[in-house]
Amino acid sequence: MYNNPVVPVAAGVGSAALAMTGAGQLFWYVLAAFAMVALGMAVKRIIPVRAEKP
């Protein structure tokens, strides 16, 4: 995964080409939405949960 730079380079070139077409706005909105969902899930994981009494 880290030894083969072809995939990250292809992703970078692909996203740069997408941004230049004008359709990149959608890409950035989807990426921002994904980041916000991931942030919410990360915060949810660190908040302590009240345990139920048996």
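Here's a quick briefing on the overall build of this chain, its surface and a few residues in helix H2.

Keep in mind that this is a predicted model. The chain is made of two helices and zero strands, and just 4% of its 54 residues count as buried. Its radius of gyration is 18 Å, whereas a compact globule of 54 residues would come in near 10 Å.

**Overall build**
- Lay the C-alpha trace along its principal axes and it spans about 55 × 30 × 15 Å.
- For the secondary structure, think helices: the chain has two of them, with zero strands.
- Helix H2 covers residues 24-46, and Phe27, Trp28 and Ile46 all sit in helix H2.

**Surface**
- About 5,300 Å² of the chain is exposed, and 73% of that comes from carbon and sulfur atoms.
- There's a nonpolar patch on the surface, formed by Met36, Leu39, Val43, Ile46 and Ile47.
- Taken together, those five patch residues have about 520 Å² of accessible area.
- Ile46, one of the patch residues, has a place in helix H2.
- Ile46 counts as exposed because its relative accessible area is 68%, and the cut-off for exposed is over 50%.

**Phe27 and its contacts**
- Phe27 belongs to helix H2 and has a relative accessible area of 29%, so it is partly exposed.
- That label fits because buried would need under 20% and exposed over 50%.
- Set aside the neighbours within four places in sequence, and Phe27 is in contact with Ser15 and Leu18.
- Ser15 is twelve residues away from Phe27 in sequence, yet their C-alpha atoms are 7.9 Å apart in space.

**Trp28, next along**
- Trp28 is also placed in helix H2.
- With a relative accessibility of 44%, Trp28 falls between the buried and exposed cut-offs, so it counts as partly exposed.
- Trp28 and Leu18 are ten residues apart along the chain, and 9.9 Å separates their C-alpha atoms.
- Leu18 also turns up among the contacts of Phe27.

How values were computed:
Residues numbered from 1 in each chain as written. Predicted model: local features only at pLDDT ≥ 70, side-chain atom pairs only at ≥ 80, totals over all residues. Heavy atoms only, no water. Patch = residues over 30% accessible without salt bridge, like charges linked within 9 Å, V, L, I, M, F, W, Y side chains within 5 Å. Areas by Shrake-Rupley, 256 points an atom, 1.4 Å probe, with all protein chains shown as cover. Salt bridge = Lys/Arg side-chain N within 4 Å of Asp/Glu carboxyl O. Helix = DSSP H or I, 4+ residues; strand = E, 2+ residues; numbered from the N terminus. Buried < 20%, exposed > 50% of the residue type's maximum accessible area, 1.4 Å probe, protein only. Rg over C-alpha atoms; globule rule 2.2 N^0.38 Å. Contact = heavy atoms within 4.5 Å.
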